[in-house]
Amino acid sequence: MSILLEMSMFPTDKSESKSKEVSEVIKIIRDSGVNYQLTSMATIIETDTLGEALALVEKCYSKLDELGCNRVYATLKFDIRKGFENRLETKIKSVENHIGKVSK
């Protein structure tokens, strides 16, 4: 099974720039060992199970809580598909097969 999670999570009660807190969230994702892709607006994560994805979301929130964030905004989108893996790469390759190279 492949769980693709597009996630954005940041505090709304801190400074205008969120990069310090977002960097701590990305560090949690990076150190978890899952495949991920950082974009300018969100991070896309691929896990084998929904439980693994949700546990990672909870760890990210816990880090922001630990940093003293009193209000956190998060968006989560899931694409859950049985019988597939490595969709973080293969979905892009599928589009490229139709139109050629795309920006990544």
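## Two pockets in a predicted model

The lining of the second largest pocket splits into six nonpolar residues, one polar and five charged. Keep in mind that this is a predicted model. For the largest pocket, the split is ten nonpolar, five polar and one charged. How do you spot empty space like this in the first place? Rolling a probe the size of a water molecule over the atoms shows where it is left.

**The second largest pocket**

- This pocket has a volume of about 170 Å³.
- Strand 1, strand 4 (72–81) and helix 3 (87–99) are the elements that each give two or more residues to its lining.
- Which of the elements gives the most to this lining? That's helix 3, with four residues.
- If you want to find the spot in the structure, look for Leu4, Leu5 and Glu6, which are among the lining residues.
- Further along the chain, the lining also includes Lys77, Phe78 and Asp79, as well as Arg87, Leu88, Lys91 and Ile92.
- Gln37 and Ile44 belong to the lining too.

**The largest pocket**

- Here the volume comes to about 280 Å³.
- How many residues line this pocket? There are 16, and Ser8, Phe10, Val22, Ser40 and Met41 are the ones that lie nearest its centre.
- Both strand 1 (2–11) and helix 1 (19–32) supply at least two residues of the lining.
- Helix 1 gives the most here, with five residues.

Methods
Residues numbered from 1 in each chain as written. Predicted model: local features only at pLDDT ≥ 70, side-chain atom pairs only at ≥ 80, totals over all residues. Heavy atoms only, no water. 1 Å grid on protein atoms, 1.4 Å probe; cavity = no way out; pocket = protein on both sides within 12 Å on 5 of 7 lines; lining within 4 Å. Points joined across faces, edges and corners; volume = space filled by probe spheres on them. Nonpolar A, V, L, I, M, F, W, Y, C, P; charged D, E, K, R; others polar.
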